[in-house]
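Work through the exercises below with the sequence and the coordinates at hand. Each task is followed by a solution in steps.

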Amino acid sequence: MGGEVQARIAAAVAVADVHPLLCAVAHRTGDMSLLREGFEPDQGQLLAPGRGLGPAEETEARAMAAAALADHLASGRPDHQLTPGERRRVFGFLIGSGVAAHWDDFLTEELALPGSDPREPSWHTTDVGRAFRCAVIGAGASGLAAAHRLRQAGVAVTVFEKNGDVGGTWLENVYPGCRVDVPNQLYSYSFAQTNDWVSRFSAQPDLLAYLQGTAKDLGLGECVRFRSEVTEARFDEAAREWSVTVRAADGNVTTETVDAIVCAVGQLNRPSFPALEGRDSFTGPSFHSAAWDHTVELSGRRVAVIGSGASAAQFVPHLAGQVAHLDVYQRTAPWLLPTDNYGDPFPPAFHELLALLPGYGRWDRVWQFWLMHEGLLVAARVDPEWDQHTEAVSAANDLVRSMLLDVLRAQVEDDALFEKMVPHFPPFAKRALRDDGRWAATLRRADVDLVTTPIAAIGPHGVRTADGEEHPADVIVYGTGFRASAFVAPMKVVGSGGVELGEEWGGDAQAYLGMTVPGFPNFFLLYGPNTNLVINGSILIMVECQVRYAVEAIGRLLRGGHRTMSCRRDVHERYGHEMQEGNARMVWGVADVPTWYRNAHGRVTQNWPFDLHTYWDRTREPDLADYELA
């Protein structure tokens, strides 16, 4: 092999994360000697640089990987096909041999090697000898996954989408700097993995292109009715079917009849505005970040941004320097997770790596999951024996807190600004924000003020804070999040006995496995109550688990000769208590800090409190004993 190719390989492996690199090369070449003792990650140091490997060991590991890959490419040998035993060995190297057997099936599904589809439905309507109709409400990431799997099972699917294209929140949120905060190898479908990413944390246009491209590749557009908003879904007990009322963009209203509904409207698509006195009195332009008004000229104007959460942390740095002056109103300082490459595109050498070693992306997917899951989840658990007088809930949580404070202190020399930016609650009690240093850099600017005095009122020409100071503004942008606890609003869902879902919940949403509610037969929620992930994975993993459960449950229902299934109330209530008890052992369940994880009753209705393997295992094979069948 020529020196030029050798140089390409060397440059490519230099930008790879060494542990998934070794796995990917061992997989392609069959050389398991690469996974030698001493190269494996230290499971106790997953948050540390090198994951336990020193510089000398890393250099040696990369050199071995490069040599093995070069030899394989020069030989012309076909790529190696992993045996089950070899796959388990690779998993054991990556995540630890002591837990590899437990995680093997889960990670095999996530790896989803080319030519395999481990989560494909196990049944088809031709097996049960009857047709089945299903409405999917929403064509975002969840709805597309549901439509794909239902169609694989032969179900007649109609997707109702209020917008003019697929994409959901990634179609609607177009504010400057909008991007995902989960590595995109994870924030993608197991059945539609790709190496065509521009950066590790994809910007909104790239994610939208991925979702729209996946929908096109799978032919899902043919089953979507665009600009069609479901206003009501009502269960007919006599006919044992659902009537769906749909309003088109021209105001025309139609009614469709289906056997089941998959509600995929999501949690983060209904903007929340703060209850501030005089909000409607402001005479200048104002809008929410989730409905960005690109017609408003911001250049040279004084802009007030209310909120300092995830969206604001992304768009505020883009406004700074463009506007004349920026006031950022902060209620609660966020924790910032240092992510050096957060806003950067992949270097050319990384694309070269994927060209030379296409399987790297799949092993990186597994590795990124493990880093987030095992590396961070432990720091969110409450230690009841922790008695140190710090703003933390465990030794691990306190260690993360100290590390994050050190990073922040290095970024902010000004003591007054530093004190404003220090969160006074344990890490992960509310959403932590990915940051590459630009948030602090923005707030240090002379034309930016971080205002932490509470807002008293909004006036015609600006904002008045509780200290009586008037802050003039030409434009107000609300980065104040979403009404996440209103899971199906504004849609009306009426189940058995004429009970409306909002009344059933009484503002305190709960669903068995986050998906089913007593009295609402054949109605499945995706990304429903207690299915949000904080730090331990990607919501798309949860969604794929939920979709499989719903599709397999329908299959078992039909094979049993039944028409409907409705969650048993005792099962539902027992599960609700389990969620409350589980979340009470997590930092977000005990910390006294405002967060969208809690509803108006103070109960955590958003978050899943256990590890992902638990949810995967419980949704893998539906148990119809949990349901009343008819």
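The exercises concern a predicted model, and they cover helix geometry, salt bridges, cysteines, backbone angles and a surface patch.

**Exercise 1. Compare the end-to-end span of helix H17 with the expected span, and decide whether H17 is enclosed.**

Step 1. Helix H17 covers residues 539–559, a run of 21 residues.
Step 2. At 1.5 Å a residue, H17 should span 30 Å. The expected span is 1.5 Å times one less than the number of residues.
Step 3. The end C-alpha atoms of H17 are 30 Å apart, which agrees with the expected span.
Step 4. Of the 21 residues of H17, 19 are buried, so H17 is largely enclosed by the rest of the structure.
Step 5. Just after H17 comes Gly-561, with a positive phi of about 80°.

**Exercise 2. Apply the span test to helix H5 and locate its kink.**

Step 1. H5 runs over residues 97–111 and has 15 residues.
Step 2. A straight helix would reach 21 Å at 1.5 Å a residue, but the end C-alpha atoms of H5 are only 18 Å apart.
Step 3. H5 has a kink of about 65°, centred on Trp-103.
Step 4. Trp-103 is buried, and the buried residues of H5 also include Asp-104, Glu-109 and Glu-110.

**Exercise 3. Which parts of the chain does the salt bridge between Glu-352 and Arg-8 link?**

Step 1. Side chains of opposite charge can pair when their charged atoms come close.
Step 2. In the pair of Glu-352 and Arg-8, the closest N and O atoms are 2.4 Å apart. The cut-off for a salt bridge is 4 Å.
Step 3. Glu-352 is in helix H11 (residues 348–356) and Arg-8 is in helix H1 (residues 3–14), so the bridge links distant parts of the chain, 344 residues apart.
Step 4. Glu-352 counts as partly exposed at 24% relative accessibility, and Arg-8 counts as partly exposed at 35%.

**Exercise 4. Classify Arg-28 and Asp-79 as buried, partly exposed or exposed, and place both in the chain.**

Step 1. The side chains of Arg-28 and Asp-79 meet in a salt bridge, with 2.9 Å from N to O.
Step 2. Arg-28 is in helix H2 (residues 18–29), whereas Asp-79 is in the loop between helix H3 (55–75) and helix H4 (84–95). The two residues are 51 residues apart.
Step 3. Buried means under 20% relative accessible area. Arg-28, at 18%, is therefore buried.
Step 4. Asp-79, at 38%, is partly exposed.

**Exercise 5. How many salt bridges does the structure hold, and which residues are linked in a network?**

Step 1. The structure holds 32 salt bridges.
Step 2. Glu-109, Glu-110, Arg-119, Arg-365, Glu-544 and Arg-548 are linked in a network of these bridges.
Step 3. Glu-109 and Glu-110 are among the buried residues of H5.
Step 4. Asp-415 and Arg-409 form another salt bridge, with the closest N and O atoms 3.3 Å apart. Arg-409 is partly exposed at 33% relative accessibility.

**Exercise 6. Count the disulfides, and find the cysteine sulfur nearest to that of Cys-134.**

Step 1. A disulfide needs two cysteine sulfur atoms within 2.5 Å.
Step 2. By this rule the count is zero.
Step 3. The cysteine sulfur nearest to Cys-134 is that of Cys-223, 10 Å away, and Cys-134 is in no disulfide.
Step 4. Cys-134 is buried at 0% relative accessibility, and Cys-178 is buried at 5%.

**Exercise 7. Where do the cis peptide bond at Pro-490 and the positive phi values of Leu-513 and Tyr-527 lie?**

Step 1. Most residues other than glycine have a negative phi, and most peptide bonds are trans.
Step 2. The peptide bond from Ala-489 to Pro-490 is cis, with omega near 0°. Pro-490 is in the loop between strand S17 (475–478) and strand S18 (492–494).
Step 3. Leu-513 has a positive phi of about 55° and is in the loop between helix H16 (501–505) and strand S19 (523–525). Leu-513 is buried, at 1% relative accessible area.
Step 4. Tyr-527 has a phi near 55° and lies in the loop between S19 and H17. Tyr-527 is buried, at 11% relative accessible area.

**Exercise 8. Which residues form a nonpolar surface patch with Met-403?**

Step 1. Leu-47 and Leu-399 form the patch with Met-403, and the accessible area together is about 270 Å².
Step 2. Met-403 is in helix H13 (residues 395–411).
Step 3. Met-403 is partly exposed, at 38% relative accessible area.

Definitions and conventions. Residues numbered from 1 in each chain as written. Predicted model: local features only at pLDDT ≥ 70, side-chain atom pairs only at ≥ 80, totals over all residues. Heavy atoms only, no water. Buried < 20%, exposed > 50% of the residue type's maximum accessible area, 1.4 Å probe, protein only. Helix = DSSP H or I, 4+ residues; strand = E, 2+ residues; numbered from the N terminus. Patch = residues over 30% accessible without salt bridge, like charges linked within 9 Å, V, L, I, M, F, W, Y side chains within 5 Å. Areas by Shrake-Rupley, 256 points an atom, 1.4 Å probe, with all protein chains shown as cover. Bend = angle between axes of the 7 residues up to and from the residue.
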